[in-house]
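Colleague: Please take one side chain from the interior of this model and follow its surroundings outwards. Give the cut-offs as you go, since I will want to reproduce the values.

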Amino acid sequence: MMKEKRKHYRFLAICMTFLVVIYVGVSAGGSAAAASESPSNHKRMAIIIDDVGNDMKGTAEILAIPVKLTVAVMPFLPTTKKDAIAAHEKGMDVIVHMPMEPKKGRPEWLGPGAITSNLTDEEVRERVEKAIDDVPHAIGMNNHMGSKITSDKRIMSIVLDVCKERGLFFVDSRTNFRSVVGELAISKNMPPVGNDVFLDDQNSKQHIRKQMDLAAQHAIDKDRCVVIGHVGHTGLNTSAVVRESVSRLQGQVEFVGIGDLVREVWNWHAAPTLPTGNK
């Protein structure tokens, strides 16, 4: 009788061991499958689309793309509020596309309310405040043009101070390789986020597609990539390539809003010290 019981217990022990092995194997396999199915594995791309706010070509097409993009909306233009609200309602991030004086270029390209080098400290602050107030749901800001201003410590220090006071981060579009934005941001405990790839510096689908592939590779190599494209002159080509690339690259990178990126990478959590009416 005792022998029979020992055999029975040994049989049960073997069965339990077998079940544990199967369970561990399935769990590991499930985890591996989940990891392989998690296409990006935290390889993130934040696509910012500039020049929104003036009913430019490609705006509707950009807003219809079914992933989280970021729209940079220029203040004080005919469709500023409409476009910012539409983007926000679609779950996209909205940032202020702040006009800033370039080293070269036509003044009329700047748009209203621009930051120029001849402004006093008080005037710079006032213009940045008004721009933030004019763009609903803005969580950040980047520069429109601005190759002259982004290398000016006096002015950019004020711009960043106002952004921080209002709970906004600043994305350096990197229109000037001598930009001081990154170092100033670090000194103010703000995320030093900047553009990595311009999509549409040439207006052809072939070039934009090549830039998207370059951006994807950057994201894979560096875990993240910030990309800037435009509506307007290149808008229809840019929106078409972004749409097709989202499907093509979704197994390699995760498309996120710029706000997601600054929170996750730089642990940025807005703590405005001044009231803001743009939420």
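Modeller: I start from Asn142, whose side chain makes a polar contact with the side chain of Asp50 at 3.0 Å. A polar contact here is a pair of N or O atoms within 3.5 Å; within protein, one must be able to donate a hydrogen and the other to accept it, and residues adjacent in sequence count only if both atoms are side-chain atoms. The model is predicted, so local features need pLDDT of at least 70 and side-chain atom pairs pLDDT 80 or more, while totals for chains, interfaces and linings use all residues. Numbering runs from 1 along each chain as its sequence is written, and side-chain values use heavy atoms, without hydrogens or water.

The side chain of Asn142 has a polar contact with the side chain of Ser173 as well, at 3.4 Å. Asn142 belongs to strand β4; helices (H or I, at least four residues) and strands (E, at least two) are DSSP runs numbered from the N terminus. Its relative accessible area is 0%, so Asn142 is buried. Buried means under 20%, exposed over 50% and partly exposed in between, with a 1.4 Å probe and protein chains only. Setting aside residues up to four places away in sequence, Asn142 touches Ile48, Asp50, Ala72, Ile95, Val96, His97, Met98, Phe170, Val171, Ser173 and Ile228, where contact means heavy atoms within 4.5 Å.

Asp50 leads on to the largest pocket, which has a volume of about 450 Å³. Asp50, Asp51, His144, Met145 and His230 are the closest to the pocket's centre among its 21 lining residues. Two elements, β1 (44-52) and β4 (138-145), give two or more residues each to this lining, and β4 has the largest share, with three. For the method: on a 1 Å grid over the protein atoms alone, a pocket is an open set of points where a 1.4 Å probe fits, with protein on both sides within 12 Å along at least five of seven lines, and lining residues have an atom within 4 Å of a point. Points are joined across faces, edges and corners, and the volume is the space filled by probe spheres set on them. By class, the lining comprises six nonpolar, ten polar and five charged residues; Ala, Val, Leu, Ile, Met, Phe, Trp, Tyr, Cys and Pro count as nonpolar, Asp, Glu, Lys and Arg as charged, and the others, Gly among them, as polar.

Strand β1 also holds Met45, which is buried, with a relative accessible area of 0%. Met45 lies 182 residues from Val227 in sequence, yet their C-alpha atoms are 7.3 Å apart. Beyond its neighbours within four places in sequence, the contacts of Met45 are Met212, Ala215, Ala216, Cys225, Val227, Val253, Glu254, Phe255 and Val256.

In the loop between β1 and α2 (59-63) is Asp55. At 56% relative accessibility, Asp55 counts as exposed. Its phi is positive, about 55 degrees, although Asp55 is not a glycine. Most residues other than glycine have a negative phi.

For the wider setting, the chain has nine helices and eight strands, and 47% of its 279 residues are buried. Of the contacts with a separation of 6 or more, 76% join residues 24 or more positions apart.
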